[in-house]
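Subject: Structure for you to look over

Dear colleague,

I am handing over the structure below, and I would be glad if you could read the notes that follow with the coordinates open beside them.

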Amino acid sequence: MKFQRSCGVLLHPTSFSGPHGIGELGAEAYRFLDFMGRSGQRIWQIMPLGPTGFGDSPYQCFSAFAGNPLLISLDRLKREGFLDESDLADIPPFPPQKVDFGWVITWKAKILARAFQLWKERGSKEERVAFEKFRQENKGWLLDFALFMALKDAHGGSPWNHWPHELAIRDEKALDRAKEDHSDAVLRQSFYQFKFFQQWSALRWRAGELGIKIVGDIPIFIAYDSADAWSHRDLFHLDEDGNPTIVAGVPPDYFSVTGQRWGNPHYRWDVMAKNGYAWWVERFRQAFATVDIIRIDHFRGFEASWEVPASEETAVKGEWVKGPGIDLFNAVQDKLGTLPIIAEDLGLITPEVHALRKEAGFPGMRVLQFGFGSDEEDPFLPHNYVPETVVYTGTHDNDTSIGWYAAAPEKERAAFREYSGKISEDGSGEKVHEEMIRLATESVADTVVIPLQDWLGLGTEARMNMPGRADGNWGWRYDGSVLSDELSNQMREIASRTGRIG
């Protein structure tokens with residue numbers, strides 16, 4: 001699918017400013033969208049919206065279908081009458097520019113539970129009808145997810161394979177008892193999803209009104225400790241007790257000398273093929289009901305993926321195993337039609353992966369920071385781009401442009417200075433982040449996405465994720481005052497000058 005020439009911003013909703021310790025789908029989210037509209041930006045890219053688990057990573061969610069209740073706007077719940085002024089009278093002194101996930105989760109869980117109780121007492125007939133409609137429309141995933149979360153809470157947050165055996169293996173009688181015993185908790189989890197998607201749908205409608213398309217993110221793999229693995233054990237490489245036998249990762253690369261052992265369970269592609277990849281069809285259906293464009297993270301895994309024995313502590317000892325290839329995408333498009341999809345084709349990319357992406361008709365990605373380590377034929381240098389490309393100065397896994405330049409080997413810094421022609425050896429001249437944005441936006445690539453951190457010219461302190469680091473990631477937030485008229489005018493001028501304003 002051909003993408004319109006445009007540019008935009010990479011920013012996860014957790015990074016919005018606000019008083020409740022984490023970004024929410026409330027006033028600051030709308031303020032950001034209005035800023036985007038004034039700035040001539042037509043793309044807002046986010047990370048997965050699911051409820052986060054281990055390490056607070058949006059790429060390790062408790063569900064591939066659900067939304068993250070931590071993003072629910074408490075002010076909007078109060079406006080609806082499902083929180084009182086007194087419920088928000090004693091907000092903890094959360095750090096304004098960093099998400100302290102442990103603190104936020106503990107506090108916000110209590111506030112959301114209070115909102116649920118008030119909703120049961122005060123919800124109107126229309127509200128309850130809307131809730132029942134939501135449950136009916138999402139019954140394919142919602143009940144399993146709500147029960148999964150209720151049982152997880154009841155067992156102290158432990159992974160599902162540590163629950164009583166009859167629950168872990170989903171014995172029918174045990175599940176029936178659990179639904180009855182935990183009926184209120186199941187209803188509460190369903191309420192959280194109802195409110196999340198209600199608020200998200202309203203925000204997405206506003207984005208569409210401003211001509212902004214939202215790019216969502218589908219990680220190829222799901223978390224082991226998830227409702228998906230628990231309720232679809234037959235689709236994954238798990239043993240009789242539900243433990244993974246093979247896990248996902250990538251071999252040693254740019255980011256890690258021992259590779260990355262992600263720990264996600266691998267798919268049984270042969271089983272999925274027999275039912276027409278129905279689970280994937282529904283995953284894409286849900287995703288496109290939530291966003292406008294999908295970026296597939298680790299696209300190369302559909303051609304072949306790195307399989308690591310679950311007994312291995314690192315990803316060094318693994319092997320490449322063939323994936324479903326074009327058959328999966330044909331099955332999805334047979335059911336859902338031609339879809340606007342971006343293929344994240346970074347890392348160890350073979351001719352077979354390029355061929356699969358081209359056959360599927362998806363644009364690939366280029367990261368400008370990767371372009372200065374070899375020679376003039378490097379595919380990440382702008383003069384080698386083709387229009388059907390989505391270009392980033394850096395992604396959520398990279399340092400900011402200023403941080404990258406500060407830490408890069410001198411050979412790469414020198415190559416960047418020579419390519420740019422505007423950065424002197426002592427660092428004077430145009431600012432590094434501004435020059436990276438110029439190189440990206442002036443390229444022939446149809447789509448350019450710039451992390452907000454680079455638009456703001458921030459350093460390593462604003463990095464979103466360090467691959468391979470177990471904690472301390474995903475927490476960056478900005479102060480609302482940075483969305484200034486000066487920055488908006490600068491962004492709009494760049495978008496207009498490079499033909500990306502739409």
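Helix 11 passes helix 12 in a right-handed crossing, in what is, please bear in mind, a predicted model. The axes of helix 11 (residues 278-288) and helix 12 (residues 326-336) come within 9 Å and cross at roughly 55 degrees, which makes helix 11 oblique to helix 12. On the side of helix 11 the contact is formed by Trp280, Val281, Phe284 and Arg285, and on the side of helix 12 by Leu328, Phe329, Ala331, Val332, Lys335 and Leu336. Sorted by class, the contact of helix 11 with helix 12 has eight nonpolar and two charged residues, with no polar ones.

A second helix pair is worth setting beside this one. Helix 5 (residues 139-154) packs against helix 8 (residues 183-209) at an angle of about 125 degrees, their axes being 8 Å apart, and these two helices are therefore oblique to each other. Here too the crossing is described as right-handed, helix 5 passing helix 8 in that sense. Helix 5 contributes Trp141, Leu142, Leu143, Phe145, Ala146, Leu147, Met149, Ala150 and Asp153 to the contact, while helix 8 contributes Ala185, Val186, Arg188, Gln189, Ser190, Gln193 and Phe197. By class, the residues of the contact between helix 5 and helix 8 divide into eleven nonpolar, three polar and two charged.

Arg188, which lies in helix 8, deserves a separate look. Once its neighbours within four places in sequence are left aside, Arg188 is in contact with Ala113, Phe116 and Asp153, and Asp153 is itself among the helix 5 residues in the contact with helix 8. The C-alpha atoms of Arg188 and Phe116 are separated by 6.3 Å, although the two residues are 72 residues apart along the chain.

Turning to the interior, the largest nonpolar core has 139 residues, and those with the most contacts inside it are Trp44, Trp200, Tyr267, Trp280, Phe284 and Phe302. The largest share of this core, ten residues, comes from helix 8. Trp280 and Phe284 also belong to the helix 11 side of the contact with helix 12. Phe302, when its neighbours within four places in sequence are set aside, is in contact with Ile220, Trp269, Trp280, Ile296, Gly323, Pro324, Gly325, Leu328, Phe329 and Leu356; of these, Leu328 and Phe329 are also part of the helix 12 side of that contact. There is, in addition, a second, separate core of 14 residues, which includes Leu10, Phe370, Phe380 and Tyr392.

The remaining notes concern a group of residues that are linked by their contacts. Which residues does Phe101 touch, if those up to four places away in sequence are not counted? They are Ile22, Asp56, Asn473, Trp474 and Gly475. Phe101 lies in helix 3 (residues 101-122) and, at 7% relative accessibility, counts as buried; its C-alpha atom is separated by 8.2 Å from that of Gly21, 80 residues apart along the chain.

Two of the residues that Phe101 touches, Asp56 and Trp474, are worth checking for their backbone angles. Asp56, in the loop between strand 2 (43-45) and helix 2 (74-79), has a positive phi of about 65 degrees although it is not a glycine, and at 22% relative accessibility it counts as partly exposed. Trp474, in the loop between helix 17 (452-455) and helix 18 (485-497), has a phi near 70 degrees, again a positive value in a residue other than glycine, but at 6% relative accessibility Trp474 counts as buried.

Met464 is found in that loop between helix 17 and helix 18 as well, and is buried, with a relative accessible area of 6%. Not counting residues up to four places away in sequence, Met464 touches His12, Thr14, Ser15, Met47, His396, Gln453, Asn473, Trp474, Gly475 and Trp476. The C-alpha atoms of Met464 and His396, 68 residues apart along the chain, are separated by 5.6 Å. Ser15, in the loop between strand 1 (6-10) and helix 1 (27-38), counts as buried at 1% relative accessibility, and, apart from its neighbours within four places in sequence, is in contact with Met464, Trp476, Arg477 and Tyr478.

With best regards

Notes: Residues numbered from 1 in each chain as written. Predicted model: local features only at pLDDT ≥ 70, side-chain atom pairs only at ≥ 80, totals over all residues. Heavy atoms only, no water. Axes fitted to C-alpha atoms, helices over the stretch in contact; angles between N-to-C directions. Helix = DSSP H or I, 4+ residues; strand = E, 2+ residues; numbered from the N terminus. Parallel < 35°, antiparallel > 145°, perpendicular 65-115°, else oblique. Left-handed = near helix turned anticlockwise from the far one by under 90°. Contact = heavy atoms within 4.5 Å. Nonpolar A, V, L, I, M, F, W, Y, C, P; charged D, E, K, R; others polar. Core = buried A, V, L, I, M, F, W, Y, C linked by side-chain atoms within 4.5 Å. Buried < 20%, exposed > 50% of the residue type's maximum accessible area, 1.4 Å probe, protein only.
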